[in-house]
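Dear colleague,

I am passing on the structure that you asked about, with the sequence alongside. Please have both open while you read the notes underneath.

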Amino acid sequence: MSEALANLLNETRQFPPPAALAANANVKADAYAEAAADRLGFWERQARRLTWTKEWDQVLDWSNPPFAKWFVGGQLNVAYNCLDRHVEAGLGDRVAIHWEGEPGDTRTITYAELHRLTCQTANALTDLGVVAGDRVAIYLPMVPEAAVAMLACARIGATHSVVFGGFSADALTNRIQDASAKVVITADGGFRRGKPSALKPTVDEALANCPSVEHVLVVRRTGEEVAWSEKDRWWHETVETASTAHTAQPFDAEHPLFILYTSGTTARPKGILHTTGGYLTQTAYTTHAVFDLKPETDVYWCTADIGWVTGHSYIVYGPLANGATQVMYEGTPDTPHKGRFWEIVDRYGVTILYTAPTLIRTMMKWGEGIPAQHDLSSLRLLGSVGEPINPEAWIWYRQHVGRGERPIVDTWWQTETGAMMISPLPGVTEAKPGSAMTPLPGISADVVDDQGQSVPNGGGGYLVLREPWPSMLRTIWGDDNRFIETYWSRFEGMYFAGDGAKRDDDGHIWLLGRVDDVMLVSGHNISTTEVESALVSHPSVAEAAVVGATDPTTGQAIVAFAIPRGTVDTSGEAGEQLIADLRNHVARTLGPIAKPRQIMLVAELPKTRSGKIMRRLLRDVAEHRSLGDVTTLQDSSVMELISSGMGGGK
Ligand code: WT7
C-alpha cells in the first residue's frame, strides 16, 4: 500500500454545508478541539446524554489492553434509555416507527406503544426462563417485532444475537451453537419481491442440531402454514397476552448487550461482542452529531436490515436513544416498482436518508428518471455506509436525490467499531465526493505504513485506530485469542481495521477497500476501489467490480466487470467499442499502469446479502477456475450468467 499510485483519484470537487444547516447544526467545529483537548472528558460528557442509575467511577480502564472497560462502575438500562425516559418526558404519543410492509400494509407505532410491546416481550421471555446473561437468537424479517425483541432482551439483560433473515439453516445453526442460545425468536416468514418468503422451516432445520434451544417464539406475519413442535409458541399468544407492566432493572456498563456475527466469506464467522454503556453512548452521540437529528421535526430512514450492524446501531439503538421518529420498511426497493423508496420518502416526509453505495449505484443503473417522478423535497441530509462510495455515485446521490444541494455524510465504520468513526459533520465539513474525510470528535484514526508509522499527506497505507473508543468490540465471543490476533497483532498497540486508506494533500482520509482487495500490477499497488471509481466515472457505466487475476508478465492483471447504465447499447460492435473506450478512460484517469487487461460487460454482479461485491468469485472467473462456494450470494444465478459470458472470449 505504501507504493499506492500517487494521485490516483483526481477528485477536487468540494461541497460546503448549506448555510442554514451549518447555523443550526447540533454539533459545530469546536467539537474537534474540545475532544482533542480532553478525549475522556469529551466521552464522559456524551455519556451524560443517557440516563444512568449509577454514575461511573472511571471513564476508561485500559490497564489490560486490548480489553477495554468504559464507564466502569456505571449502571443503566438500554431499553429504559430508548423508551421509558421518552414516555416519562411526555413524548409517549410521538411516533417511533412508521412501518411499511412490502405488500403495502402499514403500522404506526408510538413510543408509548413500543414501550408497552417491549414490556410484554420482556415478561414473556422471563416466563420462558430467560434470565440476564442468557443468549437469545433473533431471526426475523423487517417487522417491528425485530426491534421489540432486541429491546426486550436489552431490558432483561439477555444478550441478543440477530441472524439476518436471508441466511441459510447452516449459517443459523453455527450462530445458535456458537452462542448456545436458549430461545429463538422468528416468524412464519416475511414478504420479499412480492411473495411470502418462509423463515420458520429454516429454524426447524437448524434446530435439529441446536440442543441449547428450549423455546421458539414465532411471529405470524405471512399467515402461511408452518410445521409445529412442542418448543414452538406463537408470539401473539405469548407476548400479546403478557402483562404490560415491567420495571427495567439496571445493568453494569460492561454487561454484554449483543453478539453479531461478521459474515466471513471463507473463515468461521466471528461473534463480535458489544456491551452496554459505551455502545449506547457512541451510537446516541453519532446519531445526534452526524445525522444532525432533531427528534421533534426529523423523519429518519435507514434502509439497512436489522440483521446488520447498521440496523442495530442506526435503526434501533442510536435513533431510539435520541427519541427519533423513523421509517422502517420490510421489502426490496423494486417491489412493486423501482420508485418504491422514493414513494416512501414522499409519503412519510423523510428528512434524513441513510443508505448504501450499492443501492445508489443500482438506482443510477435504473436511471435518474425514477427519483425525478417523486417529490423528494423533504430530504435535508443524506448518508452512505458499507463500502467506499465512488465519487460519481456520490455526485449522482447529491444531484438526483439531494436536488443538488443536500449534504452527504459518508460514514466509515464496521461491525467491530459498533458506531461511526470517520465521517463529515454535516454542519461543518466541506465534503469531498468519495472521502469519509475526518475522524469524528473523540476518535483517533490514522493511516500508517508497513512499519506502523503515520504516513504524510499524500501517502497511502493501512487504516488503524490508535486509541480505544466507547463502542468498540470487547472481544470475539468465546475466543479472546482470536480477538487479539485478528485486530491487535498487525501493529503494536493499534487496532488494525483491515482497510487500505490514503491521506490526501489536505489530510483527508479516503478508504480504499479491504487490504485483501489490493492488486499488485508490475510492482505497483493499485486498489480495486480506485479502478472501480474510474469506471463508474464514465457516463456509460453504472457499476463496476475489479479484481486482480494472475498474469504471467505483470504478476497480477486488472480484470473489470462493468454494468452499463440503463439505455446504453452493448450489442456487437457497440459493445466492443465501449470496452475499448472504457480501457482508455481508466488509463487516462489513473495512468496507463491501471489500464484493465480485460473488461466484461455484465448485467449483474455477485453480491453478498449485505451488498458487498464478492470479488473472490470474480477472481475465479477471471482466472478460469471452477466457482467456489456461492451459497452466501444474494442471487446465485448471477454467477452462471457471468461465467458463460466469459467463456465466449475476451
Ligand atoms: C467494512 C465493514 C459499517 C456498517 C456496514 C458494514 C467497509 C463501511 C465504509 C465507508 C469505505 C466502508 C470497510 C469496513 N466500509 N463503510 N463509508 N467507506 N468503506 O459493516 O460488514 O462490518 O463492514 O465495510 O471495508 O471495514 P461491516
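What follows is a description of the annotated sites, the ligand shell and two groups of strands.

Please bear in mind that this is a predicted model, in which local features need pLDDT of at least 70 and side-chain atom pairs count only at pLDDT 80 or more, whereas totals for chains, interfaces and linings use all residues. Residues are numbered from 1 along each chain as its sequence is written.

I begin with the annotations. Under "binding site", the unreviewed UniProt entry lists Arg192, Arg193, Gly194, Lys195, Thr310 and Ser522. These residues span 331 residues in sequence and the farthest two C-alpha atoms are 49.9 Å apart, so they do not all gather at one spot. UniProt positions are given in the numbering used here, feature names are shortened, and annotations may be inferred rather than shown by experiment. The same record places "domain: Acetyl-coenzyme A synthetase N-terminal" at residues 30-82, a span that is 42% helix and 28% strand, with its end C-alpha atoms 28 Å apart. It also gives "domain: AMP-binding enzyme C-terminal" for residues 530-612, where the end C-alpha atoms lie 16 Å apart and the content is 31% helix and 30% strand. Helices (H or I, at least four residues) and strands (E, at least two) are DSSP runs, numbered from the N terminus.

Two of the listed binding-site residues can be described further. Lys195 is found in strand S10 (residues 195-198) and is exposed, with 12 other C-beta atoms within 10 Å, whereas Thr310, in helix H11 (residues 309-321), is buried, with 23 such atoms within 10 Å. Here a residue is buried if 20 or more other C-beta atoms lie within 10 Å of its own, exposed if 12 or fewer, and partly exposed in between, with C-beta atoms placed from the backbone. Leaving aside residues up to four places away in sequence, Thr310 touches Cys302, Ala304 and Val385 (contact means C-beta atoms within 7 Å).

Around the ligand there are 21 residues, of which Pro388, Trp412, Gln414, Thr415 and Leu511 come nearest (a residue counts if its C-beta atom, placed from the backbone, lies within 6 Å). H11, strand S24 (495-503) and strand S25 (509-514) each supply at least two residues of this shell, and S24 gives the most, with three residues.

S24 and S25 also belong to an open sheet of four strands, in the order S21-S22-S24-S25, with antiparallel pairing. Strand S21 (445-448) and S25 stand at the edges, each with a single partner strand, so one side of each is left without a neighbour in the sheet. Two strands pair if DSSP finds at least two bridges between them; S21 and strand S22 (residues 460-465) have four bridges, and Val448 has Tyr462 in S22 as its bridge partner.

Finally, strand S11 (residues 215-219) is mostly covered, as five of its five residues are buried. His215, Leu217 and Val219 lie on one side and Val216 and Val218 on the other, and both faces are covered. Strand S8 (residues 183-187) runs parallel to S11 and is joined to it by five bridges, with Thr186 partnered by Val218. S11 is likewise joined to strand S12 (residues 232-234), in parallel, by three bridges, and Val216 has Asp232 in S12 as its bridge partner.

With best wishes

Technical notes. Contact = placed C-beta atoms within 7 Å.
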